[in-house]
Amino acid sequence: MAPPPPSPPSVMFRTVFLLLRVLTAAFLVITVALVSTNTVTLDIQGTSIKMHFNDVYAYRYMLAAAVIGLGYAVVQLIISYLLATGSAAGFGVSKDLKDTYLALIDFDSTDPVDNFFSKGYASASLLLFAFVSLAVLSVFSSLVLSKRPIQVS
C-alpha cells in the first residue's frame, strides 16, 4: 500500500511566504528607485560638481545587487549573499565618502550632501531588509521540506 500523499503547507505558512515575498520585492523596488535617482551638486571652492549614483562604485554594486535580488524574488535563484554584501558596500561607502566630503566642503552646504548619502543609507537598509526577508523565507522553506515524508519509488 502506498503512503498517503504529503499534506500541503498550512495556510499560515503560505500566507507568511507570500507576505515575505511581497516585502522582499517592495524593498528591492524602492532600493532601485532610491539609488538610481540619487544625485547631488557640490560646490567645492567655487567649482560645481554634479555627482550621480553611478560615480560611486559601491552604489553601482548596490544597484546591481538590488536588480539581481529582484530577479531572485521573481525566479527564486540563490543569490541572497549578494544582497547582504551589496548592503554592506552601501553602508561602508556612504559613511566613508560622507566623512570625506564633509572634510572638503564648508558645513553650510552639507544639506545636499546629507541628502545624497541619506538616500544611500536608506537604499542599503532596504537591501538589508530584503536579505533578511529572503533568509527567513529560506528557513521556512527548509521547515516545510523537512516535514515532508521521503518517497521511495
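Biologist: Where should I begin with this predicted model, and which residues of α1 are buried?

Modeller: In α1, the buried residues are F13, F17, L20, T24, F27, L28, T31 and V35. Buried here means under 20% relative accessible area.

Biologist: How do I check the length of helix α1 against its residue count, and what span should its 26 residues have?

Modeller: Multiply the rise per residue by one less than the number of residues. Helix α1 covers residues 11-36, and at 1.5 Å a residue its 26 residues should span 38 Å. The end C-alpha atoms of α1 are 37 Å apart, so the two values agree.

Biologist: What does the same check give for the 25 residues of α3?

Modeller: The expected span of α3 is 36 Å, and its end C-alpha atoms are 37 Å apart, which agrees.

Biologist: Where does UniProt place the feature "transmembrane region"?

Modeller: The unreviewed UniProt entry puts this feature at residues 12-37, 58-84 and 121-145. Such annotations may be inferred rather than shown by experiment. In the model, the chain over residues 12-37 is 96% helix and 0% strand, with end C-alpha atoms 38 Å apart.

Biologist: How should I read a loop residue such as N38: is N38 buried or exposed?

Modeller: Take its place in the chain and its accessibility separately. N38 lies in the loop between α1 and β1, the latter being residues 39-44. Its relative accessibility is 2%, so N38 counts as buried. Leaving aside residues up to four places away in sequence, N38 touches M51, H52, F53, Y59, N115, F116, K119 and G120.

Biologist: M51 is among those contacts of N38. Where does M51 lie?

Modeller: M51 is in strand β2, residues 47-52. At 6% relative accessibility, M51 counts as buried. With residues up to four places away in sequence left out, M51 touches N38, T39, V40, L42, V56, Y101, F116 and F117. For a pair far apart along the chain, take M51 and V113: 62 residues separate them in sequence, and their C-alpha atoms are separated by 9.8 Å.

Biologist: Which residues of α3 are buried?

Modeller: The buried residues of α3 are S80, L83, G86, S87, G90, V93, S94, K98, Y101 and L102. Two of these can be followed further.

Biologist: What does S87 touch?

Modeller: S87 is found in helix α3 and counts as buried at 1% relative accessibility. Beyond residues up to four places away in sequence, S87 touches A124, L127 and L128.

Biologist: And what does V93 touch?

Modeller: V93 is found in helix α3, residues 80-104. At 15% relative accessibility, V93 counts as buried. Its contacts, not counting residues up to four places away in sequence, are V56, A58, Y59 and K98. V93 and F117 are 24 residues apart in sequence, and their C-alpha atoms are 9.0 Å apart in space.

Biologist: How do I read the largest pocket, and how many residues line it?

Modeller: Take volume, lining and chemical class in turn. The largest pocket holds about 230 Å³ of space. Its lining has 10 residues, and Y72, L134, L137, S138 and S141 lie nearest the centre.

Biologist: Which helix gives the most to that lining?

Modeller: Helix α4, residues 110-146, gives the most, with five residues. By class, the lining of the largest pocket has five nonpolar, four polar and one charged residues.

Conventions: Residues are numbered from 1 along each chain as its sequence is written. This is a predicted model: local features need pLDDT of at least 70, side-chain atom pairs count only at pLDDT 80 or more; totals for chains, interfaces and linings use all residues. Side-chain values use heavy atoms; hydrogens and water are left out. Helices (H or I, at least four residues) and strands (E, at least two) are DSSP runs, numbered from the N terminus. Buried means under 20% relative accessible area, exposed over 50%, partly exposed in between (1.4 Å probe, protein chains only). Contact means heavy atoms within 4.5 Å. On a 1 Å grid over the protein atoms alone, a cavity is a set of points where a 1.4 Å probe fits but cannot get out, and a pocket is an open set with protein on both sides within 12 Å along at least five of seven lines; lining residues have an atom within 4 Å of a point. Grid points are joined across faces, edges and corners, and a volume is the space filled by probe spheres set on the points. Ala, Val, Leu, Ile, Met, Phe, Trp, Tyr, Cys and Pro count as nonpolar, Asp, Glu, Lys and Arg as charged, and the others, Gly among them, as polar.
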